[in-house]
Amino acid sequence: MKSLNIKGCLHVPDKPLVMGILNVTPDSFYALSRKQSEAAIHRRIAEILDEGGAIVDAGGYSSRPDAADVSEAEEKRRLTPALSCLKANYPDAIVSVDTFRAEIARWAVEEYGVAIINDISGGEMDSRMFAVAAALRVPYILMHMRGTPQTMRQQTNYEDMMEEIMLYFAGKLRTLQLLGVHDIILDPGFGFGKTLEQNYQLMQALPEFAVFERPLLVGISRKSMIYNLLHTTPDESLNGTTALHTFALLHGADILRVHDVKAAVETVKIIDKLKNK
């Protein structure tokens, strides 16, 4: 496991970490993940931590395909109850903010002590993001996506998808490092500007990302690459999610971003036992 400097402490986990999703949006693709009342938010945070989640990932802007665009003010309004609850009740929790907006990231880190920036756009949707990440000196999750949540479905025509993604990461890593951002987590961006077939091609290629020597985050929880293949729904996709988590853990995943923390933690524990027996 690659090390990360989080809140001034060097973290060198001995096994993969589980990041629990805290959606404070009204339109995320998995309906049961939407938490909007203060009571529901508090229950979800407690659930993530009690079930063994190492990171709470709070997001106020739905990134599902064709999601409605919301203003910066609305995103901040949605996030405030979650970040307030975390700061007041769980000050030692490691929190990431799922945002592509530099000023939301700055506000979350400076006002609420958020420890990680999780940017779906790799700095493409806000040109200030890399500079802000450098100034804040917090770990940055760099994801690959083409277009925006509103346009990504129309941007899946690659000449060579893996070559493009690898060159994308190489270039972005170089830019971030020159700015002084050294704690960088890579996210291949499952479901973001990729077809069902391309998502499975990407999953098979996970070992290739080892060349970057960076922590690798995999976010496939209950996504369409599962329920469209199985002709089911997000609600019925836990079993498929666990199957893909198992594959990902065996092929280089360091962090799993999930809706179902208990199931993911159990999967990590079983794979760790198999690999270290």
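**Exercise 1.** Find which residue of strand S8 is the bridge partner of tyrosine 140.

*Solution.* The bridge partner of tyrosine 140 in S8 is isoleucine 184. Strands here are DSSP runs (E, at least two residues) and helices are runs of H or I with at least four, numbered from the N terminus. Next, take the two strands as a whole: S7 (residues 140–143) and S8 run parallel and are joined by four bridges. This is a predicted model, in which local features need pLDDT of at least 70 and side-chain atom pairs count only at pLDDT 80 or more, while totals for chains, interfaces and linings use all residues. Residues are numbered from 1 along each chain as its sequence is written, and side-chain values use heavy atoms, with hydrogens and water left out.

**Exercise 2.** Place S8 in its sheet and state which way its residues point.

*Solution.* Start with the strand order, S8-S7-S6-S5-S4-S3-S10-S9, in an open sheet of eight strands with parallel pairing. Strands pair if DSSP finds at least two bridges between them. S8 and strand S9 (217–218) are at the edges with a single partner strand each, so one side of each has no neighbour in the sheet. Then look along S8 (residues 184–187): Ile184 and Leu186 point one way, Ile185 and Asp187 the other way, and all are buried. Buried means under 20% relative accessible area, exposed over 50%, and partly exposed in between (1.4 Å probe, protein chains only).

**Exercise 3.** Identify the residues that touch the most other members of the largest nonpolar core.

*Solution.* A nonpolar core is a set of buried Ala, Val, Leu, Ile, Met, Phe, Trp, Tyr and Cys residues joined through side-chain atoms within 4.5 Å. The largest one has 67 residues, and Leu22, Leu83, Tyr140, Leu142, Phe209 and Val218 touch the most other members. Helix H5 (residues 161–179) gives the largest share of this core, eight residues. A second, separate core of twelve residues includes Ile6, Met19, Ile185 and Leu217.

**Exercise 4.** Describe how helices H8 and H9 meet, and where alanine 264 stands.

*Solution.* The axes of H8 (residues 238–250) and H9 (residues 261–275) come within 10 Å and cross at roughly 35°. Axes are lines fitted to C-alpha atoms, for helices over the stretch in contact, with angles from 0 to 180 degrees between N-to-C directions. Alanine 264 lies in H9 and, at 1% relative accessibility, counts as buried. Leaving aside neighbours within four places in sequence, alanine 264 is in contact (heavy atoms within 4.5 Å) with Val18, His245, Leu256 and Val258.
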